[in-house]
Amino acid sequence: NDPPGAPSIDGPATGKAGQSLTYTFSAVDPDGDDVRFIVNWGDGSDETTDFVASGDDQTASHTYSSDAEYTITVTAQDSADNKGPSNTFTVTIPRNKAVHSNPLLRFLQNHPNILPILRTLLGL
């Protein structure tokens, strides 16, 4: 009995902290055995999907709680417990820009000509 091939991984390469991201995995088992996917999300959490037919798509969703770059590692395992090679996918959760939530910074951004006036008034 041969192991499945390396899984394909499809999904978003970027997202936001707290946003659910959905990924699709697929792998072919040369013996036609059903396949499941062992997913390491790169943030200390793991998940094992249900079995699907060889070559069929399986989806899984994950939510990252903090801003960073994560490497998702996926391994396909067939119903005879044979594991194939892993594949990786990188997802980036960029830092949120605080300008949008800070009223003073938003005001200064919307009125760029006021900064030289403020410097003059303050003697800077």
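**Exercise 1.** Determine which residue of β2 stands opposite Ile 9, and place β1 and β2 in their sheet.

*Solution.* Ile 9 stands opposite Phe 25 in β2. The model is predicted, with local features requiring pLDDT of at least 70 and side-chain atom pairs pLDDT 80 or more, while totals for chains, interfaces and linings use all residues. Residues are numbered from 1 along each chain as its sequence is written, and side-chain values use heavy atoms, without hydrogens and water.

Next, β1 and strand β2 (residues 20-26) run antiparallel and are joined by 3 bridges; pairing requires at least two DSSP bridges, and strands are DSSP runs (E) of at least two residues. The open sheet has 3 strands in the order β1-β2-β5, with antiparallel pairing. Its edge strands, β1 (8-10) and β5 (58-63), each pair on one side only.

**Exercise 2.** Classify the ring pair of Phe 25 and Trp 41 and that of Tyr 64 and Tyr 70.

*Solution.* Rings of Phe, Tyr and Trp (its six-membered ring) pair if their centres lie within 6.5 Å; planes under 30 degrees apart are stacked, over 60 edge-to-face, and the rest tilted. The count by this rule is 5 aromatic pairs. Phe 25 and Trp 41 are tilted, at 6.4 Å centre to centre and 50 degrees between the planes. Tyr 64 and Tyr 70 are stacked, at 4.2 Å and 20 degrees.

**Exercise 3.** State whether Tyr 64 is buried or exposed, and likewise Leu 124.

*Solution.* Buried means under 20% relative accessible area, exposed over 50%, and partly exposed in between (1.4 Å probe, protein chains only). Tyr 64, at 0%, is therefore buried. Leu 124 counts as exposed because its relative accessibility is 76%.

How values were computed:
Helix = DSSP H or I, 4+ residues; strand = E, 2+ residues; numbered from the N terminus.
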